[in-house]
Amino acid sequence: MLKLIYMKLPKVYEPKKVEDKIYNLWQKSSFFNPDKLPGKRKRPYTIVIPPPNITGSLHMGHALNATCQDILIRWRRLQGYKTLWLPGTDHAGIATQNVVEKELKKEGLSRFDLGRERFIERVWQWKEKYGNIILEQLKKMGASCDWSKVRFTMDKDYVKAVETAFLHYYKKGWIYQGERVVNWCPRCQTSLSDLEIEYKEEKGNLWYIKYPLATNYKLQTTNYIVVATTRPETMLGDAAVAVNPGDKRYKNLVGKKAILPLVNREIPIITDRLVDPKFGTGAVKVTPAHDLQDYEISLRHKLPIIQAIDERGKMVHVPIFYQGLRVLEAREKIIADLKNKNLLEKVEDYTHQIPKCYRCLTTVELIPSKQWFLKMPELAKTAIKAVEKGKINPVRKKFSNGVKFIPKRFEKTYFDWLKNIKDWCISRQIWWGHKIPLKGVEDVLDTWFSSALWPFATLGWPGKTRDLKNFYPTDVLFTDRGIINLWVARMIFSGMEFMKKVPFRDVYIHATVLTREGKRMSKSLGTGIDPMGLIEKYGADATRFGIAWQIMGGQDIRFVEDNIVMGRKFCNKLWNAARFLLMQKPPLINADSVRRFSLIKKNLTPADKKILKALDKTTKSVNKDLENFQFGRAARRIYDFFWHNFCDVYIEKSKTELSLPSSHLWERGGRRGRNPLHPMKAKVDDGKTKKILLYVLLSSLKLLHPFIPFVTEEIYQKLPIKNKKHCLMIEEWPK
Ligand SMILES: [Zn+2]
């Protein structure tokens, strides 16, 4: 007869002693790799990670995102799916270049001192050293990514994918070079997309400037027209004065000419519907080179584009006294000169939104510039269609080639953007990135051009690889609401364009983690919470459980550490229950046979029946919750089942069956002279109660594994079960 050797669990669960050991066990097993998983697994389940920037380190948003993804992957793996969670990082053009430039600055150098080639070498060195920190942090969280498939958006194969995509569009005639007014960061020296701009409210002025009329027209009481502006310095590039077509005040002046002060150039007075008659005097200056609305007006009226500010934020092509001045210096001088000439009517206070570069917070200028564009109308149509298809297919059994947004309300952000789309300015004037693959072009591509290909380029596209065939389209994308247009929309049309299939079936927009007071978490504001600190203090399981606990639909989360503390208590409860059970020396069980006899219900007490029924119910509910991305609800269900149904009721009852003192006795000190945990002679137990105890514990470990993988695995390794698997991670989910 087989002699069972019972392993004892230490009195207290210490995450630090367990987590690295268990993570190594998993990594050595190679079961993170779908092709190495045991058994017949036909149905794939794929998630590609939103690649964090190589400059990044884990914040609460990442921790939440990673917890959700790992819960789903582990759950599906237990269910017998061929699971792939593909990790990787993004080269993050401007962000990384900025970090390395800052490092250089400390040495008194700029990137121009090094030159392009040496600078890029330097960035690669930086990447080798710091670029994988965030991936190591994900391991600490327990992320079960297939690390044999780590991708980076600047890897050789990835570069090939980017070039292929570019040339595909180019040959289609969808990529063109054009002079456009673009957002420009004078510090980063690059164009920025609308999405790369943050607006900051600032107090400024509204200046009322008199523009003399070209001739003293009769019937006019004055000989000038007054325009109101917040940016007098741009007047040097004015091409017209405009009023609203319905504005009766200026009826007589429309079609006439004014003289641009300080420059002495004649400009027409025109009408355009974009002019708001309630702003200032109702007459505005039109500066096509430095304002988007004015640029639009200029296209309608065929006005010249007169550049007055250059790439460095200095005045250019202007009268000699202003030439080379910085924007704000020019503003001061212009106001002084206008005053001298008695052309300034009045000044008002005015609060307005100033565009700032999202990387360095420098004020963004609009300047005319030669850039590369990707035509968007066709691609936008495809992207709209894909999400409309996903909407009308709520029962998602069959593959519909549609994408569904969860929560649904984020569809609006997506549709609004696509329905008003402009061509995508894909060129950037930085050095770190994918060079545009055309001869003689020095620009690099917008970072999002390469990350738009992420779901299939990571699986080997443009090659026709096995991985691509097996794992594309992926199942679900987890991401932040801030990049629905920057990234999600672009992945959807890229997937349709190159693969003819959507890149994922579901897009889950996760909650935003706020401070307890409901404020934004930010490192620079000192309001951020470092998830690594939580792991250090409470363990990865407690951190994951506490995070999952707080995910209720798409609602923002006001993060409270108490939930992590609760997570730790729960891990301890689980540990103690398992410890108690192992001390009872349960017989070796075969989980399947326990399930079978539980179905026959032979010899079962009402308590036995009740706990087995509750277990079945919990399993079903958890499945349903996870199918609907209800992580918090699922966590609460298992918690309630385990703590209340199992520990409080069933284990307590079983103590009578096993002739043990109930815990409320020994928790108060127990009976004198007796070790309360020491098993006494069983009354009439044929091992059935112990078998059920062990069976319910094992099933609970499986249900809990996706949430708290380390502690559940550690306990599993010590349980006396027949046909024990190499690890809990590849066990079978309760039926
Ligand atoms: Zn900048």
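Welcome! Start at the zinc ion: its four donor atoms subtend angles of 105 to 113 degrees, so the arrangement is tetrahedral. Keep in mind as you look around that this is a predicted model.

**Stop 1: the zinc donors.** Select Cys185, Cys188, Cys357 and Cys360 and show their side chains. The SG atom of each of these cysteines coordinates the zinc ion, at 2.2 to 2.4 Å. Along the chain, the donors of the zinc ion are spaced as C-x2-C-x168-C-x2-C.

**Stop 2: two cysteines, two surroundings.** Turn on the surface and pick out Cys357 and Cys360. Which of the labels buried, partly exposed or exposed fits Cys357? Its relative accessibility is 0%, so Cys357 counts as buried. Cys360 has 24% relative accessibility and therefore counts as partly exposed.

**Stop 3: the sheet.** Now switch to a cartoon view and select residues 344-357, which make up strand β13. This strand belongs to an open sheet of three strands, ordered β8-β7-β13, with antiparallel pairing. Strands β8 (224-229) and β13 are the edges, each pairing on one side only. From one strand to the next, the twist averages 20 degrees.

**Stop 4: from β7 to β8.** Select residues 197-212 to highlight strand β7. How many bridges join β7 to β8? There are six, and the two strands run antiparallel. For a single pair to zoom in on, choose Trp207 and look across to its bridge partner in β8, Thr229.

To end the tour, go back to Cys357: this residue gives its SG atom to the zinc ion, and its number is also the last in the range of edge strand β13 (344-357).

Note on methods. Residues numbered from 1 in each chain as written. Predicted model: local features only at pLDDT ≥ 70, side-chain atom pairs only at ≥ 80, totals over all residues. Heavy atoms only, no water. Pairing = 2+ DSSP bridges. Helix = DSSP H or I, 4+ residues; strand = E, 2+ residues; numbered from the N terminus. Axes fitted to C-alpha atoms, helices over the stretch in contact; angles between N-to-C directions. Donors = N, O, S within 2.8 Å, 3.2 Å for Na, K, Ca; no water. Tetrahedral: all angles 85-135°; square planar, octahedral: opposite > 155°, others 65-115°. Buried < 20%, exposed > 50% of the residue type's maximum accessible area, 1.4 Å probe, protein only.
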